[in-house]
Amino acid sequence: MIICPSCKEEIEDDSHFCDQCGQELVYCSSCGRVGMGRRCTYCGGLMISADDMKKKQQEQKKSALGSTSFSMSFLQMSQQGHVDQSVRNPNGVPTLTLYNPSLDIRLVGMNGAIIGRRQGPYAQQLGNCMYISGVHAQLIYKPDSGWCIIDKHSSNGTKLNQRDLQPDIPMSIKSGDIITLANVNLQVMVN
């Protein structure tokens, strides 16, 4: 559910117009929040129509699926000995994927990305996970220690392999680890 920026009534997430007051809904092209006007009051991003927002999300899903497919095939090839283990993405950062097949969640890591139910690039996928905080955790890549996860003072905590994380302390993650965001387990794959 989202809140209409005009009349403040709760309306369905996929609405194009408020069913209470008729206000056309526009979304921030950067953070995805619903609002009014030309610019987002939270991050300053350009506001776009609901149709344009859906197109943008579909394009993001396609690119995420493409990179995930690349990651899966890369992992399968490397396990079979067909790929040099030192080969990485074009930007030099190994690909990070967090996934839970039973919940149909697949998050492709982005350096500095917030993991949350209301903010960050994964909000659309995690929006129905009610125990995950609006800003729950953050992913960062450090050249010396690799991918790390940081708890961002979440309400229900973040665990790495069943150990509670302290807020604002980066913890290295590697393939095979299990990250628990509140009550959602995510398998880690790094390649």
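Select Lys174 to begin: with a relative accessible area of 52% this residue is exposed, where exposed means over 50% relative accessible area, buried means under 20%, and partly exposed covers what lies in between, computed with a 1.4 Å probe and protein chains only. This is a predicted model, in which local features need pLDDT of at least 70 and side-chain atom pairs count only at pLDDT 80 or more, while totals for chains, interfaces and linings use all residues. Residues are numbered from 1 along each chain as its sequence is written, and side-chain values use heavy atoms, with hydrogens and water left out.

Keep Lys174 on screen and add Asp177, since the two form a salt bridge whose closest N and O atoms are 3.1 Å apart; a salt bridge here is a side-chain nitrogen of Lys or Arg within 4 Å of a carboxyl oxygen of Asp or Glu. Is Asp177 buried or exposed? Asp177 is buried, at a relative accessible area of 5%.

By this rule the structure has 2 salt bridges, and one of them is found by selecting Asp168 and Lys152, whose side chains meet at 3.6 Å, N to O. This pair links distant parts of the chain, 16 residues apart, with Asp168 in the loop between strand 12 (163-164) and strand 13, and Lys152 in the loop between strand 10 (146-151) and strand 11 (158-160); strands are DSSP runs of E with at least two residues, helices are runs of H or I with at least four, and both are numbered from the N terminus. Asp168 is partly exposed, with a relative accessible area of 42%, and Lys152 is partly exposed as well, at 27%.

Next, display strands 8, 9, 10 and 13, which make an open sheet of 4 strands in the order 8-9-10-13 with antiparallel pairing, two strands being paired if DSSP finds at least two bridges between them. Strand 8 and strand 13 (171-172) stand at the edges with a single partner strand each, so one side of each has no neighbour in the sheet. Strands of a sheet pair through backbone hydrogen bonds, either parallel or antiparallel.

Now select strand 9 (residues 137-142), which runs antiparallel to strand 8 and is joined to it by 2 bridges; look there for Ile114, whose bridge partner in strand 9 is Gln138. How many bridges pair strand 9 with strand 10? These two strands pair over 6 bridges in the antiparallel sense, and they form a hairpin with 3 residues between them. Gln138 appears again here, as its bridge partner in strand 10 is Ile150. Strand 9 is largely enclosed by the rest of the structure, because 5 of its 6 residues are buried.

From this sheet, move to Gly120, in the loop between strand 8 (114-115) and helix 2 (123-126), where the residue is partly exposed with a relative accessible area of 30%. Add Gly134, which is 14 residues away along the chain, and the C-alpha atoms of the two glycines are separated by 8.9 Å.

For another sheet, select strands 3, 4 and 5, which form an open sheet of 3 strands in the order 4-3-5 with antiparallel pairing. Its edge strands are strand 4 (34-35) and strand 5 (47-49), each pairing on one side only. Strand 3 and strand 4 pair over 2 bridges, and the bridge partner of Tyr27 in strand 4 is Val34.

Finish with Asp19, in the loop between strand 2 (10-11) and strand 3 (26-28), which counts as exposed at 58% relative accessibility.
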